[in-house]
Every structure is written in structure tokens, then in C-alpha cells.
Amino acid sequence: MIQWENDRVIASPIDEVWELFRDYNIKRIMPKVEEHELIEKTETEVGAKHRQTYREGKRLETYTVETLAYEESPESKHKKIAFVIGRAFEVTASFLLEKVDEEHTRLTYSGQNKGVNFVGKAMMKLANKKGNERVVEEFLDRVEKEATHTNV
């Protein structure tokens with residue numbers, strides 16, 4: 001199993017950063033996501049489900065993303081999702097935004113990736129921890145860039 005938790009203070013108001021996590025903006029912060037379609041409930045409800053298609057090179061993978069937690073207040077925003085990709089890996093990701101002040105937001109990105117079958121478990125043992133850390137940092141960089149250099 002690979003676990004991570006990184007945070008970053010972003011020079012943008014909490015509501016502007018949170019907008020990036022809305023369905024219609026998801027491709028801005030997750031460019032490898034080709035499709036993101038709501039199939040159950042609403043995007044702001046626990047239990048919401050989305051059909052998502054992700055491209056890795058020439059390979060497309062489609063899976064269902066379930067919202068496990070969704071909280072929204074003026075001082076804090078939180079969304080936690082889970083999905084199984086390739087019938088081999090269960091991924092859980094959490095995005096916590098906290099208002100630092102009127103112009104700054106702390107984003108904490110945490111999660112885990114674990115094997116759900118023999119192949120997935122074997123691949124987890126061979127996984128490159130540095131590669132995962134790089135992916136997490138690239139995600140935080142992308143959110144920060146989108147939140148601070150463009151109008152949301």
C-alpha cells in the first residue's frame with residue numbers, strides 16, 4: 001500500500017480554489033481525465049457516483065468514482081473519493097481546504113493506493129515511492145497554478 005499526505009498554502013481565496021474541484025473544472029486539475037459524468041445523486045452529496053475515464057498513454061481506463069465525504073463551510077471544504085482502477089488497485093483520495101485568511105488557502109491532499117487482488121498487491125510491492133511522491137507534488141503544483149494564474 002502507498003499512502004500520502006501533503007499540504008500547500010495557495011495564494012487564492014478558499015472559494016476560488018474549491019471551484020477547481022467542481023465537476024465542470026475537474027479536467028483543469030486532472031488533465032488525464034477524459035470523461036467525468038455524474039451517474040448517481042448530485043456532485044455535492046455523499047454517495048454521489050461519477051463514471052470517469054482516464055488516459056495513461058494510449059490506454060483508457062473507465063471506472064466509477066464514489067464520493068465518501070463532502071463538507072462545505074466558509075472556513076473549510078472537504079471531499080473524499082474512492083475508486084477501483086484496473087480491477088487491481090483501490091484508490092482513496094481526500095482534498096481538504098482550510099481558510100488561512102481572505103487570500104490564502106491550505107490544501108491538504110491525502111490518500112492511499114492499495115492492491116485488491118494478487119496482481120495489484122504484487123505491483124504495490126514493486127511500486128516506486130518516489131514516483132508517487134512526484135505525482136502528488138505535480139497535482140498540488142497544478143491546483144496552485146490554476147488557482148493563482150487564471151480566473152476560476
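This is a short tour of a sheet, two helices that lie across it, and one residue in helix H4.

The model is predicted, so to speak of local features a pLDDT of at least 70 is needed, side-chain atom pairs count only at pLDDT 80 or more, and totals for chains, interfaces and linings use all residues. Residues are numbered from 1 along each chain as its sequence is written, and side-chain values use heavy atoms, leaving out hydrogens and water.

**The sheet.** Start by colouring the strands (DSSP runs of E, at least two residues, numbered from the N terminus, like the helices, which are H or I runs of at least four). You will find 7 of them in an open, antiparallel sheet, ordered E1-E7-E6-E5-E4-E3-E2; two strands pair if DSSP finds at least two bridges between them. Strands E1 (2-10) and E2 (33-40) are at the edges with a single partner each, so one side of each has no neighbour in the sheet.

**The E2 edge.** Next, select E2 with E3 (residues 49-56): 6 bridges join this antiparallel pair. Show Glu40, and you can pick out its bridge partner in E3, Lys49.

**The helices.** Now select H4 (residues 129-149), which lies across E1, E6 and E7. Helix H3 (residues 118-126) also lies across E1, E6 (89-101) and E7 (104-115).

**Leu140.** Finally, zoom in on Leu140 in H4. Is Leu140 buried or exposed? Its relative accessible area is 1%, so Leu140 is buried (under 20%; exposed is over 50%, partly exposed in between, with a 1.4 Å probe and protein chains only). Beyond its neighbours within four places in sequence, Leu140 contacts Asn6, Arg8, Leu107 and Tyr109 (heavy atoms within 4.5 Å).

Terms used:
Axes fitted to C-alpha atoms, helices over the stretch in contact; angles between N-to-C directions.
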